[in-house]
Amino acid sequence: MEFFAWAMIAAGIGMGLGSLGTGIGQGLAIQKAVEGVARNPGASGKILTTMMIGLAMIESLAIYVFVVAMIILFANPFTEEVIKLLAR
Amino acid sequence: MTHPFLFLQWLEEKLHLHLGEHVLYTWFVMLVLIVLALVASRGLKMVPTGLQNFMESIISGITNLIEETMGHKGMTYFPLIATIAFFILVSNLIALIPGFMPPTANLNTNAALALTVFAMTHIVGFKGHGVGYLKHFMGPIWWLAPLIFVIEIVGHLARPLSLSLRLFGNMYGHEVVLMIFFALVPLFLPIPMMLMGVLIAFIQTFVFTLLAMIYIAGALEEAH
């Protein structure tokens with residue numbers, strides 16, 4: 001049973017750490033984009049497009065962590081083995 | 001798991017078919033798009049009204065985006081890009097109707113889309129440059145070419161992975177969050193998350209389409 005508790009802890013901590021870094025990264029990107037728009041409002045269209053692409057790139061890091069967390073929680077490849085070991 | 005009731009899944013069980021529910025919803029989205037296209041293009045007028053006006057504004061928006069990111073040569077790939085954009089947008093948006101799931105919340109659909117873009121990129125590259133397309137992978141300095149080649153191959157293989165996982169993670173994550181909120185407080189609390197879902201649907205469509213455009217434009221340009 002301890003295996004499943006550790007799996008949940010791993011998923012939770014992993015998601016937290018992943019979103020921490022992603023949050024800082026996206027914050028920095030948006031900070032610079034807002035500064036750019038404030039200095040030159042005419043370039044806002046181009047800045048928005050580039051920022052979106054950059055944000056999507058940064059965001060995919062958190063998405064990878066999310067996918068791994070979902071695999072740990074719902075599609076864990078070791079679940080059957082552990083249940084077999086527990087039943088013995 | 002994330003859906004208490006899916007309309008087409010229920011229909012599938014009644015009819016004793018054995019298809020995935022994402023396949024059924026993909027067909028549903030295709031049906032919606034085909035009917036929409038037929039209705040909008042029937043009785044075309046010089047001064048568009050109603051549905052034709054709406055569709056024309058979307059099409060001209062995509063055209064402008066292609067002109068901006070890919071240049072004049074990019075219009076050849078308009079059908080592919082626009083189809084991907086429409087398909088992803090409608091699939092993302094039907095997630096907001098109860099009893100429907102977005103086919104993009106399944107990795108298989110997204111992998112199919114991303115692999116299409118991946119194959120298209122390299123077909124376009126080899127068609128446009130011949131064997132010289134390999135220069136794209138070699139980098140500027142000849143004695144570094146073996147190293148750069150390996151890195152570039154890994155980079156190109158990571159593209160379909162990141163494209164498909166990004167869309168899948170966003171849509172599936174939204175479904176999971178919505179379901180958890182629905183289980184906690186079924187009244188009113190899921191509404192802000194659903195509004196955020198509309199935003200996510202549009203942004204993810206934009207990102208996927210724009211990245212597809214950038215990849216194809218990268219294969220089109222000359223190696224330096």
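## Chain B in a predicted two-chain model

Of the 224 residues in chain B, 24% are buried. The model is predicted, and the predictor assigns the complex an ipTM of 0.80 and a pTM of 0.86. Within chain B the mean pLDDT is 86, with 98% of the residues reaching 70 or more. Confidence in chain B is lowest in helix 1 (residues 7-15), where the mean is 77, and highest in helix 4 (residues 78-93), where it is 92. As a general caution, predicted coordinates should not be read in detail where pLDDT is low.

**Overall build of chain B**

Chain B contains 7 helices and 0 strands, and its pattern along the sequence reads α-α-α-α-α-α-α. The C-alpha trace of chain B spans about 65 × 50 × 35 Å along its principal axes. Among the contacts in chain B with a separation of 6 or more, 66% join residues that are 24 or more positions apart.

**Nonpolar cores**

The largest nonpolar core has 33 residues, and those with the most contacts inside it are B:Val117, B:Ala212 and B:Met213. Two or more residues are given to this core by each of helix 2 (21-40), helix 3 (50-70), helix 4, helix 5 (107-129), helix 6 and helix 7 of chain B, and helix 7 of chain B gives the most, with 8 residues. Another core lies apart from it and has 7 residues, among them A:Ala62, A:Ile63, A:Phe66 and A:Ile72. In soluble globular proteins, nonpolar side chains tend to be buried together.

Returning to the larger core, which residues does B:Met213 touch, not counting residues up to four places away in sequence? Its partners on that count are B:Ile66, B:Thr69, B:Met70, B:Gly74 and B:Ile81.

**Helix 1 and the exposed positions**

Helix 1 of chain B lies largely in the open, because the number buried among its 9 residues is 0. B:Leu11 is found in this helix, and B:Leu11 counts as exposed because it has 11 other C-beta atoms within 10 Å, where the cut-off for an exposed residue is 12 or fewer. From C-alpha to C-alpha, B:Leu11 and B:Leu24 are 9.9 Å apart in space, while in sequence they are 13 residues apart. Helix 1 of chain B is followed by B:His16, which has a positive phi near 60°.

A further positive phi is found at B:Phe188, a residue other than glycine, with a value near 65°. B:Phe188 lies in the loop between helix 6 and helix 7 of chain B, and B:Phe188 counts as exposed because it has 7 C-beta neighbours inside 10 Å.

The two exposed residues are set out below.

| Residue | C-beta neighbours within 10 Å |
|---|---|
| B:Leu11 | 11 C-beta atoms |
| B:Phe188 | 7 C-beta atoms |

**The contact between the chains**

How many residues does each chain bring to the contact? Chain B brings 11 residues and chain A brings 9 residues. On the side of chain B that touches chain A, the elements giving two or more residues are helix 6 (145-184) and helix 7 (190-220) of chain B, and the largest share, 6 residues, comes from helix 6 of chain B. By class, this side of chain B has 6 nonpolar, 4 polar and 1 charged residues. Helix 6 and helix 7 of chain B thus appear on the side that touches chain A, and both also give two or more residues to the largest nonpolar core.

Methods: Residues numbered from 1 in each chain as written. Chains lettered and ligands numbered in written order. Predicted model: local features only at pLDDT ≥ 70, side-chain atom pairs only at ≥ 80, totals over all residues. Contact = placed C-beta atoms within 7 Å. Helix = DSSP H or I, 4+ residues; strand = E, 2+ residues; numbered from the N terminus. Nonpolar A, V, L, I, M, F, W, Y, C, P; charged D, E, K, R; others polar. Buried ≥ 20, exposed ≤ 12 C-beta atoms within 10 Å, placed from the backbone. pLDDT = per-residue confidence, 0-100. Core = buried A, V, L, I, M, F, W, Y, C linked by C-beta atoms within 7 Å.
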